[in-house]
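Okay, hi everyone, thanks for squeezing me in. I'll put the structure up and then walk you through the parts I found fun to look at.

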Amino acid sequence: MIQHIIWDVNPEIFHIGSWPVRWYGLLFAMGFLIGVQVMTYIFKTEKKPQADLDPLLMTMVMSTVLGARLGHFLFYEPRMFIQNPLRIITPPFDGLASHGGIIAIVIGLLLYSRRLSSKATGQTFLWIIDRMCIVAALSRAFIRFGNLMNSEIFGKPTDVPWAFVFLQNHEFSQVPRHPTQLYESLSCLVLFFVLFWYWKMFRKQSAPGTMVGISLVWVFSLRFVWEFFKENQVSFEADMAFNMGQILSVPAIALGLLLLMRNFVRSSSIIPVALVLQSTGMCYNCNQTRSVPHSDDLGKVGWATSYTVLITGHPYFTTIRSGNNLLNTKNAILALQNADRTDHGHCFYDELARSVKNGYCHG
């Protein structure tokens, strides 16, 4: 039975003159190269211009490297901005922080989405960042495997049978440890396949921002967990209940949950009201009897619990919720009753039907 795994891999593959070629750099580059092939397939499938792949690649490379580099010194070694700022921009470029890279990628993709070509071809910010989450998950899997080849960012001592002894690292004791690089690499690889499957199956009806929401929650929730198994990266983390990686993961998890909650409300909540209106035939331009209760009836027992109605994104209506939230219900019913019937030349239900078909309400 395996007691532990001896890991004695040289981080350097070979040298070109005095310049070493390292496993980490090779795997980092492979993540981008394979990611380009995935994005090429996505662009062909969704009929986006192939010429945009080059500026997209440059945006991702520059954002990732600059953001991760600056993020490392901002979050872990801020004194370097004063003591030795040249170290930030000169080799060997040791120290990259994924949180900084993600912040820079968001900024880079926001600028990319504002290009004339992007606007003309429907590459909105949420559209492009949803797709980039797929390749980002794959790239992150390669990068974490590169950390394993570098014998860095490993875990605390353990007696599990798959523990690694990192002989190339002399900063910590050479005892069996959690291979946390593998934990993160495999979890990101699984995320890649999940997101790619989701894109293949549901991209046409998925609300914008859903895939980035899934990615943020998945990556940083697991990152928060894996950090409990890791050795601290910097000395100041020794006295902290949660290390810097965990602290920085909380806002990302919260943002992902907000995106998913927002998109869930948009995509699913319009269907019950559409069914109610379909059965009653309420229409803007027709003189039928009002199909929803008058606001005076809202206090009567049974009405608020008989209907689960939720409207979001329409210019006339606030949110309607059943159950105990009668105030929102009352405001929304008043909006229904007071809506200008001459403003649109079509039934409200028709608009709802289109919203249901699209998967969310455009407003």
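One bit of vocabulary before we go: when I say buried I mean under 20% relative accessible area, exposed is over 50%, and partly exposed is what sits in between. Take Ile153: with a relative accessible area of 22%, this residue counts as partly exposed, because 22% falls in that middle range. And please keep in mind that this is a predicted model.

So, the overview. The protein has 363 residues, and 44% of them count as buried. By element count, we've got 14 helices and four strands. About 19,300 Å² is exposed, and 66% of that comes from carbon and sulfur atoms. If you take the contacts with a separation of 6 or more, 68% are between residues 24 or more positions apart.

Let's start close to the N terminus, with the hairpin. Strands E2 and E3 run antiparallel, joined by four bridges. One pairing to click on is Glu12, which stands opposite Arg22 in E3. The hairpin has two residues between the strands, and Gly17 there takes a positive phi near 65°.

Now stay in that area and colour by hydrophobicity. Which residues form the nonpolar patch on the surface? They're Ile13, Phe14, Ile16, Trp19, Leu26, Met30 and Ile34, and together they have about 640 Å² of accessible area. Strand E2, residues 12–16, and helix H1, residues 23–45, each give two or more residues to the patch. Trp19 sits in strand E3, and at 55% relative accessibility this tryptophan counts as exposed.

Okay, on to positive phi. Most residues other than glycine have a negative phi. Here are two non-glycines that go the other way. Lys47 has a positive phi of about 55°; this lysine is in the loop between H1 and H2, and at 73% relative accessibility it's exposed. Ile153, our example from the start, has a positive phi of about 50° and belongs to the loop between H7 and E4.

Next, the part that took most of my time: salt bridges. How many does the structure hold? The count is 10. Let me go through a few.

Arg131 and Glu46 pair up at 2.9 Å, N to O. That one links distant parts of the chain, with Arg131 in helix H7 and Glu46 in the loop between H1 and H2, 85 residues apart. Both Arg131 and Glu46 are buried.

Then there's Arg177 with Glu231, where the N to O distance is 2.5 Å. Here Arg177 is in the loop between strand E4 and H8, while Glu231 is in the loop between helix H9 and helix H10, so to speak a loop-to-loop link across 54 residues. Again, both Arg177 and Glu231 are buried.

And the third is Glu184 with Lys230, closest N and O atoms 2.6 Å apart. Glu184 lies in helix H8 and Lys230 in the loop between H9 and H10, so this pair ties together parts that are 46 residues apart in sequence. Are these two buried or exposed? Glu184 is buried at 2% relative accessibility, and Lys230 is buried with a relative accessible area of 2%. This pair also belongs to a network: salt bridges with shared partners join Arg140, Arg144, Glu184, Arg223, Glu227 and Lys230.

While we're in helix H8, have a look at Ser187. Its relative accessible area is 11%, so Ser187 is buried. Leaving aside neighbours within four places in sequence, Ser187 is in contact with Trp218, Leu222 and Trp226. Ser187 and Ala141 are 46 residues apart in sequence, yet their C-alpha atoms are 7.7 Å apart.

Last stop, Glu77. Where does this residue sit? Glu77 is in the loop between helix H2 and helix H3. At 12% relative accessibility, Glu77 counts as buried. The side chains of Glu77 and His72 make a polar contact of 2.8 Å. Beyond the neighbours within four places in sequence, Glu77 is in contact with His72 and Arg87.

That's my tour. Happy to rotate things if anyone wants another look.

Terms used:
Residues are numbered from 1 along each chain as its sequence is written. This is a predicted model: local features need pLDDT of at least 70, side-chain atom pairs count only at pLDDT 80 or more; totals for chains, interfaces and linings use all residues. Side-chain values use heavy atoms; hydrogens and water are left out. Buried means under 20% relative accessible area, exposed over 50%, partly exposed in between (1.4 Å probe, protein chains only). A polar contact is a pair of N or O atoms within 3.5 Å; within protein, one must be able to donate a hydrogen and the other to accept it, and residues adjacent in sequence count only if both atoms are side-chain atoms. Contact means heavy atoms within 4.5 Å. Patches are made of residues with over 30% relative accessible area and no salt bridge: like charges are joined within 9 Å, nonpolar side chains (Val, Leu, Ile, Met, Phe, Trp, Tyr) within 5 Å. Accessible areas come from the Shrake-Rupley method with a 1.4 Å probe; for residues, only the protein chains shown count as cover. A salt bridge is a side-chain nitrogen of Lys or Arg within 4 Å of a carboxyl oxygen of Asp or Glu. Two strands pair if DSSP finds at least two bridges between them.
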